[in-house]
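Please look over the sequence and the structure below before reading on. The paragraphs that follow go through the chain one region at a time.

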Amino acid sequence: MNEFRPFRQSDAARIGHIAQRKANGSAFPRITIALAIVAAILAVPSHFTDVSELRFPLEVAGVTLLASVLASPAFPFLRWAVTLLLAAMLFLKLADIGTGTAFQRPFNPYLDLKILTDGWNLLSGAVGVTEAVGIICAGLLAWLIVAAVLYWSLGGFRGLSRGARRMSVRVSGAVLLIGLAALAVQDPDRRNLGVEAHAVSYFVNRVTMVKRSIADLARFEEELKQDPVSAGPHFSALAGTDVVLVFVESYGRSAIEDPRYAARIGSRLTSVEKEIGAAGLQARSGWLTSPTVGGISWLAHGTLLSGLWVDNQGRYDRMITSERTSVNNLFRSSGWRTTAVMPAITLDWPEAGYFGYDSIHAAAGLGYRGKPFNWVTMPDQFTLEAFERLERPVGHKPVMAEMALISSHAPWTPLPSLIPWDKVGDGAAFNAQAESGDPPSVVWADPNRVQAQYLTSIDYTLETLGSYMARYGKNTLFILLGDHQPASIVTGEGASRDVPMHIVSGNPDILKRLDGWNWQKGMIPLPSTPVYRMDEFRRKLVESFD
């Protein structure tokens, strides 16, 4: 005969306890994943230079407290808000890493969205279109997966039992109170307790950055109204002289002073000095401070030629719509024919109208029939020879040329070498060089290899310029300068933004007019040689040669 035991209250409690344990068992792993993602996004700095900067963010305790307390319909709002805010923060931090590596500054949403196309051109040119698409897609996919997993895992808080929820509130509340108390009493100049609340301040700082950018553009409008240089004409001391202004890509102060590069570049500059000296030319060398670093070369070009400090895209966009007279236009209105030699320009270049060129020789117009050197469309030697062929025939009108040499542009592989000038032809002579060397994926896997390739590229360009000036330097004023320092993978962290400038001429009277600059004789500026901001060059040039 079957016996039936009465259902007791203790049985109900035991069943409820088992159910709670099962619910908590399924909720805890999801909650752990959620809090780990929250902590990782909040704690990791937007640059990876100092492990001591890693902090435990108090927002983890705050999210835990709110998620444990809130019930429907408030919890879904919290879930979406946390996911969207942290996804936005992750995107901004990844962007910070990118701009920090390339340009040594944080990402500015107001200004930097305009240069995404240029970033794509650089990346695809360096590693190839397929690889670039793969990198971008992989990054976006990883970002979306992190956001999706965060949203899913936050749902674990809904599965907590009542007891577990009370315990979660007590623990997270205690951590939050202790952390806030610690922040309140610690020395504001020393944040070493390992606890930090910064999500709000991060977004506040980003909004402040945008507001400052808007205010900066308002100040720039006032700067545009003040020009220390009159309309002209100018440069009477240079009458009948060709002026060749050459920007050398990524040629920074580190190339001359960093111990990793100084011996080879110093030897090359000494060799160039002897070579041009044998041709009757002399040099003065000094330093200019560039408005940019690692890239965005056009900011340096705009600064030097306009006499305005153009350190962001917003200023550049406004500059090219202004009435400010460029150096090119000053020469043009003073009787020179002006030209631009731009082997890196492969698309339309509408902003060229601002500078005032009588002619523009972009990549397609230079007559190069050889193979490209990865992103670099043609070697510097061909660019220089093409300029002579196109703009300096016998009996030509005095010309003022602006040129950008790009053989020292990343990815620094493959690398060209100097050949006899009479062998340059249509560029096919460089095909073997263009097909040599390792691909960027191999070179960039080793930072030491990147630095060695960079060094070789600068050495090549200086050697080529020395040979060019000795060959074609008659009745010419050469102004050679770097546009900016290379990325920190080459210079290391904290390098200056200074670049070298060399002014070369065979006319001693012309160089004597630079005595007031107090620059060094020869091709090697000293550490003590005066440094001028790049926007000062335009005024100083006019004052020296009027």
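**A walk through the chain**

T292 lies in the loop between β4 (282-289) and α11; helices (H or I, at least four residues) and strands (E, at least two) are DSSP runs, numbered from the N terminus. The model is a predicted one, in which local features need pLDDT of at least 70 and side-chain atom pairs count only at pLDDT 80 or more, while totals for chains, interfaces and linings use all residues. Residues are numbered from 1 along each chain as its sequence is written, and side-chain values use heavy atoms, with hydrogens and water left out.

T292 counts as buried because its relative accessibility is 5%. Buried means under 20% relative accessible area, exposed over 50%, and partly exposed in between (1.4 Å probe, protein chains only). Leaving aside neighbours within four places in sequence, T292 is in contact (heavy atoms within 4.5 Å) with L299, A300, D483, H484 and R497. The C-alpha atoms of T292 and V310 are separated by 8.7 Å, and these two residues are 18 residues apart along the chain.

Two of those contacts, L299 and A300, are among the buried residues of α11. Helix α11 (residues 297-306) is mostly covered, with nine of its 10 residues buried. The buried set is S297, L299, A300, H301, G302, T303, L304, L305 and S306. After α11 comes G307, whose phi is positive, near 75 degrees.

L305 leads on to another helix, as one of the residues in contact with N328. N328 is placed in helix α13 (residues 327-333). With a relative accessible area of 0%, N328 is buried. Beyond its neighbours within four places in sequence, N328 contacts L305, T338, F355, G356, Y357, M400 and E402.

Next come two strands. Strand β5 (residues 337-342) pairs with β6 in the parallel sense over four bridges; two strands pair if DSSP finds at least two bridges between them. The bridge partner of M342 is A362, in β6. In a regular strand the side chains alternate between the two faces of the sheet. Strand β6 (residues 359-362) shows such an alternation: S359 and H361 point to one face and are buried, whereas I360 and A362 point to the other and are not.

Which helix holds D459? The residue is found in helix α18 (residues 447-472). D459 counts as buried because its relative accessibility is 8%. Not counting residues up to four places away in sequence, D459 touches R264, I265 and R268. The C-alpha atoms of D459 and L269 are separated by 8.8 Å, with their positions 190 residues apart along the chain.

The aromatic residues can be taken together. Rings of Phe, Tyr and Trp (its six-membered ring) pair if their centres lie within 6.5 Å; planes under 30 degrees apart count as stacked, over 60 as edge-to-face and the rest as tilted. By this rule the count comes to 20 aromatic pairs. Y261 and Y454 form one that is edge-to-face, at 5.7 Å centre to centre and 75 degrees between the planes. Y261 lies in the loop between α9 (253-257) and α10 (262-278) and Y454 in helix α18, so this pair ties together parts that are 193 residues apart in sequence. Y261 counts as buried at 2% relative accessibility, and Y454 counts as buried at 1%. W517 and W519 also form an edge-to-face pair, at 5.1 Å centre to centre with 85 degrees between the planes. Both W517 and W519 are buried. Y261, W412, W444 and Y454 form one aromatic cluster.

Some rings have a charge over them, which requires NZ of Lys or CZ of Arg within 6 Å of the ring centre and within 35 degrees of the ring normal. R253 lies over the face of W287, at 4.0 Å from the ring centre. R533 lies over the face of W309, at 4.2 Å from the ring centre.

Totals for the chain close the account. The secondary structure comes to 21 helices and 11 strands. Of the 546 residues, 49% count as buried. Among contacts with a separation of 6 or more, residues 24 or more positions apart account for 77%.
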